[in-house]
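This report walks through helix packing, nonpolar cores and aromatic pairs, and ends with one loop residue. The sequence and the structure are shown first.

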Amino acid sequence: MNKPFKSGFVAVVGRPNVGKSTLINALIDDKIVIVSDKAQTTRNRIICVYTDDEKQIVFMDTPGIHKPKHKLGEFMVNAAVESLKEIEAVLFVVAGNEKRGPGDNFIIEQLKKVTVPVFLLINKIDTLTKEDIVKNIITYQSAYPFADIIPISAKEKSNLPVILEELAKNLPEGPQYFPDDMITDQPERLIISDIIREKILLITRDEIPHAIAVDIDEIKTRSDGTMYVRATIYCERDSQKGIIIGKHGTLLKEIGASARKDIERLLATKVFLDLWVKVKKDWRNKSAILSELGYK
């Protein structure tokens, strides 16, 4: 007799830069969510889908919950808190190499409002001793009645099957919401813009803060079968524009070359990537511009 098929939506929450996006990419074995060692890289609530013969788990990767400093920050926090509604389970990710702080406590207070199982994932155990892991477990155990506490390393893919097993136990019988080969609900344009933004964050390092956005102006197939992608990188100051472009355009070329490789993997075809850089002063505090860039 066949096992009943299980399905459900699972919110992945946590402070910025604790490894939520790395975790989801590892669980679905593909690269959909922007990954950077800088905080607040995920800006939209991104849905990623894991499917096998017995279950379908729809992961909702959320922006890191933090104290907002501008309208974009407010949008990000609201998206994260909204994800706690109408779900079957929550994965609360913490960085095991950092002490539990006010940000974690704020999230725990939000979790007290939900009625579904909450699993604590202590990430980055590849940097910890066994004693450190035990201390983390004790620290968080006293703060919330978690359904389970699972030490993991998203980077090294340690203990990830345990997460899937525990979720499967708690998911209800349900339909398959998405086709077998679908791993995200995000349109290609958004994924491409996130790929470009990731490369800017990685290549410019600490020189460029999160005052950048990427808008995809055009995607079209050329007569030779290659894909033409034109994108505009928006920043807030002329000095930032100069840094992104680099001397004689060298940095922009490096950003483009690195992004193109991932975009070609996504689209499974050769890509001509045409990048432009423009200044939109204080765009993160302007509702109209945020809406125009897709933060709705």
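In this predicted model, helix 1 and helix 5 pack with their axes 10 Å apart and at an angle of about 80°. Because angles of 65 to 115 degrees count as roughly perpendicular, helix 1 is described as roughly perpendicular to helix 5. On the side of helix 1 the contact involves Leu23, Ala26 and Leu27, which meet Leu160, Ile163 and Leu164 in helix 5. The residues of this contact divide into six nonpolar, no polar and no charged.

A further helix pair lies later in the chain, where helix 7 (residues 238-245) packs against helix 8 (residues 250-267) at an angle of about 65°, with the axes 5 Å apart. Helix 7 contributes Ile243, Ile244 and Ile245 to the contact, while helix 8 contributes Thr250, Leu251, Leu252 and Ile255. Here the division is six nonpolar, one polar and no charged.

The two helix pairs are set out below.

| Helix pair | Angle | Axis separation |
|---|---|---|
| Helix 1 and helix 5 | about 80° | 10 Å |
| Helix 7 and helix 8 | about 65° | 5 Å |

The nonpolar cores come next. The largest nonpolar core holds 26 residues, of which Leu23, Phe59, Leu91, Ile163 and Leu167 touch the most other members. Two or more residues are given to this core by each of strand 1 (6-13), helix 1 (20-28), strand 2 (46-51), strand 3 (55-61), strand 4 (89-95), strand 5 (118-123) and helix 5 (160-170). Helix 1 supplies the largest share of this core, namely five residues. Leucine 23, when its neighbours within four places in sequence are left aside, is in contact with Val93, Leu121, Ile152, Ala154, Leu160 and Ile163. There is also a second, separate core of 25 residues, and Val58, Met60, Val90 and Ile107 are among its members.

Turning to the aromatic residues, a search of the whole structure finds five aromatic pairs. In one of these pairs, the ring centres of phenylalanine 92 and tyrosine 140 are 6.3 Å apart and the ring planes stand at 80°, so the pair is edge-to-face. This pair links distant parts of the chain, since phenylalanine 92 belongs to strand 4 and tyrosine 140 to helix 4 (residues 130-141), 48 residues apart. Both phenylalanine 92 and tyrosine 140 are buried. A stacked pair is formed by tyrosine 228 and phenylalanine 272, with 5.9 Å centre to centre and 15° between the planes. Tyrosine 228 in strand 8 (residues 227-235) and phenylalanine 272 in strand 9 (residues 271-279) are 44 residues apart, and this pair too links distant parts of the chain. Tyrosine 228 is buried, with a relative accessible area of 10%, whereas phenylalanine 272 is partly exposed, with a relative accessible area of 41%. Ring pairs also link Phe92, Tyr140, Tyr144 and Phe146 into a cluster.

The last residue to consider is glutamine 176, which is placed in the loop between helix 5 and helix 6 (188-204). Its relative accessible area is 35%, and because partly exposed covers values between 20% and 50%, glutamine 176 is partly exposed. Although glutamine 176 and lysine 55 are 121 residues apart along the chain, their C-alpha atoms are separated by 7.8 Å. Apart from neighbours within four places in sequence, glutamine 176 is in contact with Phe5, Thr51 and Gln56.

Key:
Residues numbered from 1 in each chain as written. Predicted model: local features only at pLDDT ≥ 70, side-chain atom pairs only at ≥ 80, totals over all residues. Heavy atoms only, no water. Axes fitted to C-alpha atoms, helices over the stretch in contact; angles between N-to-C directions. Helix = DSSP H or I, 4+ residues; strand = E, 2+ residues; numbered from the N terminus. Contact = heavy atoms within 4.5 Å. Nonpolar A, V, L, I, M, F, W, Y, C, P; charged D, E, K, R; others polar. Core = buried A, V, L, I, M, F, W, Y, C linked by side-chain atoms within 4.5 Å. Buried < 20%, exposed > 50% of the residue type's maximum accessible area, 1.4 Å probe, protein only. Parallel < 35°, antiparallel > 145°, perpendicular 65-115°, else oblique. Phe/Tyr/Trp six-rings, centres within 6.5 Å; stacked < 30°, edge-to-face > 60°.
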